[in-house]
Amino acid sequence: EYDINRPEDLTRLLISMTRNKLVDATRRQRAQRRDHRRAVSLDALDVASRIADPTESVENNELLAAFRQRLTQEERQLAEFRAAGREWLEIAELLGGTPDARRKQLTRAISRVSRELGLDESESS
């Protein structure tokens, strides 16, 4: 489901998930007809078009570190191999198992950690 080839791909995925969570939160606020004068509009943040500033960069790095910390050692190794450009067949030969099994293992790990961090796009709050 996720094709993570480089560390930047994981960062982009996490940012995209965060952006989607903000959009969903805005929609929920509007659906509940919240008093817009009492809540900060998430649209005003214009998350999608902002240029990364130092604070955002630090936040992204912290999120990535938290994400990696929640992966098991084997899952981290899978992610590192993919980020280094290794193919699934090569990874399976190094670690054992089949290429599909290793791909699914990493996909499930990313989904699990995304849920743990509250970044899962399909999560309903």
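How close do the axes of α4 and α5 come, and at roughly what angle do they cross? The legends below treat this pair first, as seen in a predicted model.

**View 1. Crossing of α4 and α5 in the predicted model.** The two axes come within 8 Å, and they cross at roughly 95°. An angle from 65 to 115 degrees counts as roughly perpendicular, and α4 is therefore roughly perpendicular to α5. On the α4 side, the contact is made by Trp-88, Leu-89, Ala-92 and Leu-95; on the α5 side, Pro-99, Arg-102, Arg-103 and Leu-106 take part. Classified by residue type, this contact has 6 nonpolar and 2 charged residues, with no polar residue.

**View 2. Packing of helix α3 against helix α4.** Helix α3 spans residues 73-83 and helix α4 spans residues 88-95. Their axes lie 10 Å apart, at an angle of about 140°. The two helices are therefore oblique to each other, and α3 passes α4 in a right-handed crossing. From α3, the residues in contact are Gln-77, Leu-78, Phe-81 and Arg-82; from α4, they are Trp-88, Ile-91, Leu-94 and Leu-95. The contact of α3 with α4 comprises 6 nonpolar residues, 1 polar residue and 1 charged residue.

**View 3. Packing of helix α3 against helix α5.** Helix α5, formed by residues 99-116, packs with α3 at an angle of about 110°, and the axes are 10 Å apart. The pair is therefore roughly perpendicular. Here α3 passes α5 in a left-handed crossing. Glu-74, Glu-75, Leu-78, Ala-79 and Arg-82 are the α3 residues of this contact, and they meet Arg-102, Gln-105, Leu-106, Ala-109 and Arg-112 of α5. By class, the contact of α3 with α5 divides into 5 charged, 4 nonpolar and 1 polar residues.

**View 4. A salt bridge within helix α1.** The side chains of Arg-12 and Asp-9 form a salt bridge, with an N to O distance of 2.8 Å. Both residues belong to helix α1, where 3 residues, about one turn of the helix, separate them. The count of salt bridges in the model comes to 7.

**View 5. Confidence along the protein chain.** The mean pLDDT of the chain is 76, and 73% of the residues score at least 70. Among the elements of the chain, α4 has the highest mean pLDDT, at 93, whereas helix α1 (residues 7-31) has the lowest, at 77. Over residues 35-49 the pLDDT falls below 50. Beyond near neighbours in sequence, this stretch has 10 contacts in the model.

Methods. Residues numbered from 1 in each chain as written. Predicted model: local features only at pLDDT ≥ 70, side-chain atom pairs only at ≥ 80, totals over all residues. Heavy atoms only, no water. Axes fitted to C-alpha atoms, helices over the stretch in contact; angles between N-to-C directions. Helix = DSSP H or I, 4+ residues; strand = E, 2+ residues; numbered from the N terminus. Parallel < 35°, antiparallel > 145°, perpendicular 65-115°, else oblique. Left-handed = near helix turned anticlockwise from the far one by under 90°. Contact = heavy atoms within 4.5 Å. Nonpolar A, V, L, I, M, F, W, Y, C, P; charged D, E, K, R; others polar. pLDDT = per-residue confidence, 0-100. Salt bridge = Lys/Arg side-chain N within 4 Å of Asp/Glu carboxyl O.
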